[in-house]
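This report looks at selected charged, aromatic and buried residues and at the contacts they make. The sequence and the structure are shown first, and the discussion follows.

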Amino acid sequence: MRGLALALSWLTVLPVRTGAPDARTAANAIRWAPLVGALLGAVAGGVLLGLTALGVPALVAGLLAVATGALATRGMHLDGLADTADGLGCYGPPERALAVMRDGGAGPFGVVTLVVAVGVQGAALAVLTTLPPLPVLGAVTLAAAAGRAGFAWICRPGVPAARPGGLGATVAGSQPWWVAVAWWLVLAAAGGALAGVRGIVAVALGAAVVIGLSWHTARRFGGMTGDVLGAASELAATVAMVVLVASPR
């Protein structure tokens, strides 16, 4: 259970004490990430339902639910998405891209990417408020878990850390390729039970986005970083939410 405790410590604001992790515990934490994502999704879904029940307009409730998720993760995944967008958007060798990502400030690519991602997530959650409570909770939980399932693919063997130190160097190459595939299959089955073909497609397209992102960032940056993990989480979750609300019910 040390891996789960570390995953909660890394991926949420919960005050979980873990101490300095060893390589095995860090690898286990990545495997627990989708379960932590499901927990965060359930919290965001509960906030969405609660605000809607109080009469808050659907879009406002959706954006506040997204904000709750950001607070619950210290904004870490959104920060990773912005940094990754800025790194991919700049010119020059991998060293230049990594320097831009380390800068700390959000550039134009990062700002636009954040606005679009948060806006799309909030709008998708607003559409979900037209459904009964259980499907709403299920959809938000599924999307959040699908977002974190891609962590294992980013951390598969053959993709080195792009730079020494940090989360990326700790978990790079730590996950057999089948761990991500297994999570995607489990979540696709859950999605099928929840929303039929739409649920399966939501997970599958999220997985495709992660696979493409991993290929491109490994080529552009020379490997993976913790920022890429955050970007994978936000992009896959966003794609899943869009699919869940875009198709006819």
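Leaving aside residues up to four places away in sequence, Glu 234 touches His 77, Leu 78, Leu 81 and Gln 121 in this predicted model. Glu 234 belongs to helix α12, which spans residues 226-246. With Gln 121 the contact is also a polar one, since the two side chains are joined at 2.9 Å. Glu 234 is buried and yet has no salt bridge, the nearest side chain of opposite charge being that of Arg 148 at 5.4 Å; because a salt bridge requires the nitrogen and the carboxyl oxygen to lie within 4 Å, a pair at that distance does not count as one.

A second acidic residue, Asp 83 in helix α4, can be described in similar terms. Asp 83 is buried and without a salt bridge, and the nearest side chain of opposite charge, Arg 163, is 6.6 Å away. Its contacts, again not counting residues up to four places away in sequence, are Met 101, Gly 105 and Asp 227.

The table sets out the nearest oppositely charged side chain for these two acidic residues.

| Buried acidic residue | Nearest side chain of opposite charge | Distance |
|---|---|---|
| Glu 234 | Arg 148 | 5.4 Å |
| Asp 83 | Arg 163 | 6.6 Å |

Which side chains, then, meet in a salt bridge? The structure holds one such bridge, and it is formed by the side chains of Arg 163 and Asp 227, with a nitrogen-to-oxygen distance of 3.8 Å. This pair links distant parts of the chain, 64 residues apart, for Arg 163 sits in the loop between α8 (151-154) and α9 (166-171), whereas Asp 227 is in helix α12. Asp 227 has a relative accessibility of 12% and therefore counts as buried. Both partners of the bridge also appear in the surroundings of Asp 83: Asp 227 is one of the residues that Asp 83 touches, and Arg 163 is its nearest side chain of opposite charge.

Another arginine is notable for its backbone. Arg 74 has a positive phi of about 60° although it is not a glycine, and it is found in the loop between α3 (58-72) and α4 (76-89). Arg 74 is partly exposed, because its relative accessible area is 48%.

Turning to the aromatic residues, the structure holds one aromatic pair, formed by Trp 153 and Trp 184, whose rings are tilted with 6.1 Å from centre to centre and 40° between the planes. Trp 153 lies in helix α8 and Trp 184 in helix α10 (residues 177-195), so the pair ties together parts that are 31 residues apart in sequence. Both tryptophans are buried.

The N-terminal helix offers a further view of burial. Seven of the 10 residues of helix α1 (residues 2-11) are buried, so this helix is largely enclosed by the rest of the structure. The buried positions are Gly 3, Leu 4, Leu 6, Ala 7, Leu 8, Ser 9 and Leu 11, and they pack against α2 (23-53), α3, α4 and α8.

Finally, the structure holds zero disulfides. Cys 90 counts as buried because its relative accessibility is 14%, and Cys 155, with a relative accessible area of 0%, is buried as well.

Definitions and conventions
Residues numbered from 1 in each chain as written. Predicted model: local features only at pLDDT ≥ 70, side-chain atom pairs only at ≥ 80, totals over all residues. Heavy atoms only, no water. Helix = DSSP H or I, 4+ residues; strand = E, 2+ residues; numbered from the N terminus. Buried < 20%, exposed > 50% of the residue type's maximum accessible area, 1.4 Å probe, protein only. Lys, Arg positive; Asp, Glu negative; His and termini not counted. Polar contact = N/O pair within 3.5 Å; in protein donor to acceptor, adjacent residues only side chain to side chain. Contact = heavy atoms within 4.5 Å. Disulfide = S-S within 2.5 Å. Phe/Tyr/Trp six-rings, centres within 6.5 Å; stacked < 30°, edge-to-face > 60°.
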